[in-house]
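This report goes through the strand pairing, the backbone geometry and the ligand surroundings of one structure.

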Amino acid sequence: MQENWQQLRDWIQESDNIVFFGGAGVSTESGIPDFRGEKGIYATMSEYGYRPETILSHSFFESHPEIFFQYYKKYLLFPNAKPNACHFALAQLEKMGKLKAVVTQNIDNLHQLAGSKHVLELHGTLYRNYCVHCKKEFSLEYVMTQEGITHCDRCGAMVRPDVVLYEEGLNEETLEEALRCISEAEMLIIGGTSLNVYPAAGLVRYYRGKKLVLINKSETPYDYHADLIIRDPIGQVFSGVMVEI
Ligand code: CNA
């Protein structure tokens, strides 16, 4: 096993208050593309003539709902994706009493599918949907049965995913709980995130310990704060490390 993987294994073995902070790169090995990675959707598509950040903003959702729904159903919804070795390892570490929280920017529900219980979804989830007018809640299955814009079966208004769009604020309670977990953590593992999206990315600044691990294929603005950097695919890293824990 390479040296930096061994260091990660040793720190995991020693720690009983680990927090994981992750992003889209955690799910690329499950077949869900990220935004800013090498094969991310920001690099590969422009068919609508708008930047993805524009399409996924609150004002665009209100002004161009047809494009918003087409885009999100085509590029963000992967209902058949399965958790990978990273998701399963984190669930296992929680069961062992070592990991206290998964703080995620992901909206794909894969941590819960893998068995994690304490998951703080900073950007919400595609698995909850609600009517913008009467607030009736809908499942993902309901959304998938409708082409284009999803409409409420009670009042006819639009049904939107319960995710945080650009220009929208994060849920205060989730943010506070994430901040508490990170600031109390003995070990913080940051993985699969470009640390470009604020305020979520700013949360990692609240970590005060000496075991900050960054597992990311590409550089991030936070690399110089890390005590350990691993550039390998995160699922492979966890499957390699977990056999010895
Ligand atoms: P991002 O900006 O796309 O960054 C992803 C990072 O992960 C990049 O730096 C990649 O180099 C790195 N990466 C990709 N694959 C791997 C891998 N296998 N192992 C290690 N590193 C890898 O994504 P962020 O999460 O930083 O940005 C936040 C956005 C992305 C949030 O608002 C999410 O909702 C949104 N998003 C979520 C999903 C999802 O839920 N699966 C998918 C796409 C985008």
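Strand β4 is joined to strand β6 (residues 159-163) by 5 bridges, and the two run antiparallel. Strands here are DSSP runs (E, at least two residues) and helices likewise (H or I, at least four), numbered from the N terminus; two strands pair if DSSP finds at least two bridges between them. Strand β4 also has 2 bridges to β5, again antiparallel. Tyr130 stands opposite Arg160 in β6 and opposite Glu137 in β5. The hairpin of β4 and β5 has 5 residues between the strands, and Lys135 in this hairpin takes a positive phi near 70°.

The model is predicted: local features need pLDDT of at least 70, side-chain atom pairs count only at pLDDT 80 or more, and totals for chains, interfaces and linings use all residues. Residues are numbered from 1 along each chain as its sequence is written, and side-chain values use heavy atoms, with hydrogens and water left out.

**Open sheet**

Strands of a sheet pair through backbone hydrogen bonds, either parallel or antiparallel. In this model 6 strands form an open sheet with parallel pairing, in the order β3-β2-β1-β7-β8-β9. The edges are taken by β3 (119-121) and β9 (228-230); each has a single partner strand, so one side of each is left without a neighbour in the sheet. Neighbouring strands of this sheet are turned by 15° against each other on average, direction ignored. Within the sheet, β1 (residues 18-22) and β7 (residues 187-191) run parallel and are joined by 5 bridges. Gly22 has Gly191 in β7 as its bridge partner.

Two helices lie across strands of the sheet. Helix α9 (residues 172-184) lies across β1, β2 (99-104), β3 and β7, running at about 130° to β3. Helix α10 (residues 234-242) lies across β1, β7, β8 (212-215) and β9, and its angle to β8 is about 125°. Contact means heavy atoms within 4.5 Å; axes are lines fitted to C-alpha atoms, for helices over the stretch in contact, and angles run from 0 to 180 degrees between N-to-C directions.

**Backbone geometry**

Most residues other than glycine have a negative phi, and most peptide bonds are trans. Leu195, in the loop between β7 and β8, has a positive phi near 55°. Pro199 is also found in the loop between β7 and β8, and the peptide bond that joins Tyr198 to Pro199 is cis, with omega about 10°.

**Ligand surroundings**

Which residues come nearest to the ligand? Of the 28 residues around the ligand, these are Phe35, Arg36, Thr193, Ser194 and Ser218; a residue is near if one of its heavy atoms lies within 4 Å. The shell divides into 9 nonpolar, 13 polar and 6 charged residues, where Ala, Val, Leu, Ile, Met, Phe, Trp, Tyr, Cys and Pro count as nonpolar, Asp, Glu, Lys and Arg as charged, and the others, Gly among them, as polar.

The table gives polar contacts of the ligand (pairs of N or O atoms within 3.5 Å).

| Ligand atom | Protein partner | Distance |
|---|---|---|
| oxygen | Gln105, polar backbone atom | 2.9 Å |
| nitrogen | Asp108, side-chain N or O atom | 2.7 Å |
| nitrogen | Lys217, polar backbone atom | 3.1 Å |

Taken alone the ligand exposes 860 Å², and the protein buries 96% of that. The accessible areas come from the Shrake-Rupley method with a 1.4 Å probe.

Definitions and conventions. A polar contact is a pair of N or O atoms within 3.5 Å; within protein, one must be able to donate a hydrogen and the other to accept it, and residues adjacent in sequence count only if both atoms are side-chain atoms.
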